[in-house]
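Here is a set of short exercises to work through with the model open beside you. Try each task on your own before you read its solution.

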Amino acid sequence: MNSAIITLGSLTYATKARRLFTKNGIDARTVKLSEAADGGCTHGIEIKKSDLYSAVAILREAGVQYSLYRG
Amino acid sequence: MRTVYLDNAATTFPKPAPVLRELNRCVRTYCGNPGRSSHSLSLASADKIYETRELVARLCNISAPEHICFTQNATHALNIAIKGAINHKCHVITSDIEHNALIRPLSAVCRRYGVTVSRFDSDIPPEKAIPPLVRPDTELIVTTVASNVTGKVIDTEGLYRVGRELGLPIIIDASQYLGHKELNLERTPFDVVCAPGHKALFGIAGSGVVIFSGLFALDTLIEGGSGSDTYNTEMPALLPERHEAGTVATPAIVSLGEGVRYILEYGISEVEQRLSYLTELAKERLNALSGVQLLGAGNGIISFNVRDLPSDRVAGTLGEYGICVRGGLHCAPDTHKKLGTEKIGAVRASLSILNTERDIDALFSALKKI
């Protein structure tokens, strides 16, 4: 797999993350995942694996909590 | 006969053209259920909703768009804030010019928990009016910052300062303020701000906001689906989903976003200047009419009575000339008691930036005939 998925706490945070990534030149798409979290449905952002470090840095900078579902 | 709409404090009309264009585009082309799926329409709706959060955050100068929660209107917002903040017996401070949108949920928690309330005199600066009311069990200030009857505006900086000095959280009803005047939540980070979307922000009915400057914790008013954390029987702790149970009103929110964009492009200080100019003009014209008693003028609102005629009768007669104004008590019982108009109410003409001098002339001409 050439993609990585970062999961966020809610759709709002997933949208925030995707918009931040896009603004910073990272191709990203929102995905809904029911298998990623014990709690049930959650949202994630799918990006290229090669963009993962930049993406994580962007989220840290923005203070957005995340976890890696598929790195 | 030309219709002259002067009831913008109830809801603005007309809405700016970009609001109508985007509303139409939303309903026709992308209005899926945001947050429930990952297909293109669901994600397009989610994106527009997030964009609206960003626009409202820009209007209020806060850095966290996710602290903007959408509601149906200001009443819904105030119910979320008041019932979410008060869940035990305590003492609360409010003003003497409140709308029933605030009075009734506050009365509900009074009945439920034995909460007691003191009202500060809105004619006195908050820094002087509020401290003498504080008791050991005072836990909250919840107040309007602009009257929907007299146009009176409370000094928000003074209110914020006194709340912080007293260590009391502050919930404000900004129904007649947000979109008319600058609300800078970086400078005055009120804990919770409640406002409608369909008044000064030019959204359609069905839109409103609860804005959190920080992470002021509120119990939930309504519980239900949030599109995430499915197996948790409680609402998520994260804003905004915590206070947005069920499907949100995407078209209303999108219209609100375009309304806010319109205001940002117009410029909030230009909005304030335009309303001030039109209000002064209307005040001047009405003052020239014998038999017209001016009760209050400011912030786009001009309230008056004609001789001792019941206000609803005057509003009805003005309606026959195509003038849309509101008579009665404006859901603000304490304000009318304060004005001594609890029997006949008042005629309220309320302006938006889309009104013109010609509209004020039309009101003046019609009043001359009464």
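**Exercise 1. Two prolines**

Task: Find where B:Pro14 lies in chain B, and work out what kind of peptide bond leads into B:Pro14 from B:Phe13.

Solution. Start with the place: B:Pro14 sits in the loop between strand 1 (4–5) and helix 1 (17–30) of chain B. Helices here are DSSP runs of H or I with at least four residues, strands are runs of E with at least two, and both are numbered from the N terminus. Now look at the bond: from B:Phe13 to B:Pro14 it is cis, with omega near -5 degrees. Next, go to B:Pro240, in the loop between strand 8 (208–212) and helix 7 (250–266) of chain B. B:Leu239 and B:Pro240 are also joined by a cis peptide bond, with omega about 0 degrees.

Before you carry on, a word on the ground rules. This is a predicted model, where local features need pLDDT of at least 70 and side-chain atom pairs count only at pLDDT 80 or more, while totals for chains, interfaces and linings use all residues. Residues are numbered from 1 along each chain as its sequence is written, chains are lettered from A and ligands numbered from 1 in the order in which they are written, and side-chain values use heavy atoms, with hydrogens and water left out.

**Exercise 2. Positive phi**

Task: Check the phi of B:Phe202 and of B:His330, then decide whether each residue is buried or exposed.

Solution. Keep the background in mind: most residues other than glycine have a negative phi, and most peptide bonds are trans. B:Phe202 is not a glycine, yet its phi is positive, about 70 degrees. You'll find B:Phe202 in the loop between strand 7 (192–196) and strand 8 of chain B. With 3% relative accessibility, B:Phe202 counts as buried (buried is under 20% relative accessible area, exposed over 50%, partly exposed in between, using a 1.4 Å probe and protein chains only). Turn to B:His330, whose phi is near 55 degrees. B:His330 belongs to the loop between strand 11 (323–324) and helix 10 (333–339) of chain B, and is buried at 1%.

**Exercise 3. The sheet of chain A**

Task: In what order do the four strands of the open sheet in chain A lie, and which strands stand at the edges?

Solution. Read across the sheet: the order is 2-3-1-4, with antiparallel pairing. Strand 2 (28–33) and strand 4 (66–70) of chain A are at the edges with a single partner strand each, so one side of each has no neighbour in the sheet. On average, neighbouring strands are turned by 35 degrees against each other, direction ignored. Now zoom in on one pair: strand 1 (residues 3–8) and strand 3 (residues 42–48) of chain A are antiparallel over six bridges (strands pair if DSSP finds at least two bridges between them). Within this stretch, A:Leu8 stands opposite A:His43. Last, add helix 1 (residues 11–23) of chain A, which lies across strand 1, strand 2 and strand 3 and runs at about 15 degrees to strand 3. That angle is taken between N-to-C directions, from 0 to 180 degrees, with axes fitted to C-alpha atoms, for helices over the stretch in contact; contact means heavy atoms within 4.5 Å.

**Exercise 4. Where the chains meet**

Task: How many residues does each chain bring to the contact, and how many salt bridges are there between chain B and chain A?

Solution. Chain B gives 24 residues and chain A gives 17. Together they bury about 1700 Å², 53% of it on carbon and sulfur atoms; buried area is the accessible area (1.4 Å probe) that two parts lose on being put together, summed over both. The salt bridge count is four (a Lys or Arg side-chain nitrogen within 4 Å of a carboxyl oxygen of Asp or Glu). A:Arg18 and B:Asp47 form a salt bridge at 2.3 Å, N to O.

**Exercise 5. A parallel pair in chain B**

Task: Which residues point one way from strand 6 (residues 170–173) of chain B, and which the other way?

Solution. B:Ile170 and B:Ile172 point one way, B:Ile171 and B:Asp173 the other, and all are buried. Strand 5 (residues 138–144) of chain B runs parallel to strand 6, joined by four bridges. B:Ile141 is the residue opposite B:Ile170.
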